[in-house]
Amino acid sequence: PVDKAFDPSESGLIGPPMSSVTSHSGILEAKQTSANPNWAGVMVHLLNRAGVQRGQLVALGLSGSFPAINIATLAAIKQLGLRPVIISSTAASQYGANMPKLLWLDMEDALKAQGFFAWTSKAASLGGVQDQALGMSAEGQALLEAAIKKRAIKFIQSKELSESVEARMAVYQEEAGAEEYAAYVNIGGGSASVGTFVGKKLFRPGLNRTAPRGTANLDAVMSRFLQDGIPVIHMVQLDKQAARYGLQLHPTVLPPVGQGQIFYREEYSPWLAGGMLALIIVLLFLFVRTDLGSRLLKIERSAKGGGDQPQKMV
């Protein structure tokens, strides 16, 4: 069901403020901004900047908190002809995929059944605090666990966050075999992906090519990929990234596809500016080094009724 009070654009990708599978608080405006379909264009842009090539492997860490960005990422990967290996966090923050009967894993199945994408998650964790849904009700935890177990995927269970990081990296390595990943894409602020609260603050939104200062001792999936020289795309702080790429903030009407500065923008032509600068320099040279200046000034003085004839310019 679509609640226009929370989902004014009627995207169908904004969940309720609370439910039994809600992991923690979320910002409604960020979730509304995420529903813009033109995030797929942003993801194509970021993947291209990361240097990925058709046919290469890409590791994905998806979150139930931003189902719209998950879908935009999968659309970009399909368009670019990449091969994703997906690990998902099943829980979701407020206004995400936090309906008990329509979790992110359910959305994946629906998208595959309808023929949009050929891939679903290879593994999933409960998600939420410490990647273990800490603080969630027993009912909510049971619903998340049941959603994972009814699918033929690996259930990442751990008592420590470091174990969750290790388990995720093991799945990525097993799926890749002897191949290397071209990039890692993280959606949201999952504990295993970004690490502790410190990690959430240190990693830059968008493309990261090197690990930021202060993350050397931070054990997280993102830092491990960066330490191996693999670029990381970090999709957080969506309002800031929307402003960067000219996407509408928390729209009340779903924007049409192809709208935003990610597709087009006004720029000065460097060739035209350079050509005009060269022309000005040539004219100044002629004015100073020839009698052109003298002639022009003489004509101006004659028009004013005489006066001393100007000297030739040196």
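## Naming and confidence

Helices and strands here are DSSP runs, counted from the N terminus, with at least four residues for a helix (H or I) and at least two for a strand (E). That is how a label such as α8, the helix that gives the most to the lining of the largest pocket, gets its number.

What you're looking at is a predicted model. Average pLDDT for the protein is 90, and 92% of the residues score at least 70. Confidence varies from element to element: helix α3 (residues 67–80) has the highest mean pLDDT, 98, while helix α12 (residues 292–304) has the lowest, 64. Where pLDDT is low, the predicted coordinates should not be read in detail.

## Overall build

The protein has 12 helices and 7 strands. Its radius of gyration is 28 Å, well over the 20 Å that the globule rule gives for 314 residues, so the protein is more spread out than a compact globule. The box filled by the C-alpha atoms tells you about the dimensions: roughly 100 × 45 × 35 Å along the principal axes.

Buried residues account for 47% of the 314 residues. As for contacts between residues at least 6 apart in sequence, 75% of them join residues at least 24 apart.

To get a feel for the distances, take Met-276, which sits in helix α11 (residues 270–289). How far is Met-276 from Gln-173 in sequence and in space? The two are 103 residues apart in sequence, and their C-alpha atoms are 56 Å apart. Met-276 counts as partly exposed because its relative accessibility is 45%, and that class runs from 20% to 50%.

## The largest pocket

The largest pocket has a volume of about 880 Å³. It is lined by 34 residues, and those closest to its centre are His-24, Gly-188, Gly-189, Lys-200 and Val-236.

Which helices each supply at least two residues of that lining? They are α1 (28–34), α8 (197–202) and α10 (238–244). Helix α8 gives the most, with 3 residues. Sorted by class, the pocket lining has 19 polar, 10 nonpolar and 5 charged residues.

## A cavity inside

Rolling a probe the size of a water molecule over the atoms shows where empty space is left. A search of the whole structure turns up 1 cavity of 30 Å³ or more, and the volume of the largest cavity is about 50 Å³.

The lining of the largest cavity is made up of Gly-61, Leu-62, Ser-63, Ile-87, Ser-89, Arg-168, Asn-186, Ile-187, Gly-190 and Ser-193. The elements that give two or more residues to this lining are the strands β1 (57–63), β2 (83–89) and β5 (181–187). Strand β1 has the largest share, 3 residues. By class, the cavity lining comes out as 6 polar, 3 nonpolar and 1 charged.

## Two helices and what covers them

Start with helix α2 (residues 39–49), where Trp-39, Ala-40, Gly-41, Val-42, Met-43, Leu-46 and Leu-47 are buried. What do the buried residues of α2 pack against? Their partners are the helices α1, α3 and α10, plus the strands β5, β6 (206–208) and β7 (232–235). Just after α2 comes Gly-51, with a positive phi of about 90°.

Helix α4 (residues 104–113) has Trp-104, Leu-105, Asp-106, Met-107, Glu-108 and Leu-111 as its buried residues. The cover over them includes α3 and α5 (138–149), along with β1, β2 and β3 (123–125). Helix α3 thus turns up in both lists, packed against by the buried residues of α2 and covering those of α4. After α4 you meet Gly-115, whose phi is positive too, near 85°.

## Positive phi without a glycine

Two more backbone spots deserve a look. Glu-10 isn't a glycine, yet its phi is positive, about 55°. Glu-10 lies in the segment before α1 and, at 49% relative accessibility, counts as partly exposed.

The other spot is His-250, again not a glycine, with a positive phi of about 25°. Look for His-250 in the loop between α10 and α11. Is His-250 buried or partly exposed? With a relative accessible area of 32%, His-250 is partly exposed.

Definitions and conventions. Residues are numbered from 1 along each chain as its sequence is written. This is a predicted model: local features need pLDDT of at least 70, side-chain atom pairs count only at pLDDT 80 or more; totals for chains, interfaces and linings use all residues. Side-chain values use heavy atoms; hydrogens and water are left out. pLDDT is the predictor's confidence in each residue, from 0 to 100. On a 1 Å grid over the protein atoms alone, a cavity is a set of points where a 1.4 Å probe fits but cannot get out, and a pocket is an open set with protein on both sides within 12 Å along at least five of seven lines; lining residues have an atom within 4 Å of a point. Grid points are joined across faces, edges and corners, and a volume is the space filled by probe spheres set on the points. Ala, Val, Leu, Ile, Met, Phe, Trp, Tyr, Cys and Pro count as nonpolar, Asp, Glu, Lys and Arg as charged, and the others, Gly among them, as polar. The radius of gyration is taken over C-alpha atoms; the globule rule is 2.2 Å times the number of residues to the power 0.38. Buried means under 20% relative accessible area, exposed over 50%, partly exposed in between (1.4 Å probe, protein chains only). Contact means heavy atoms within 4.5 Å.
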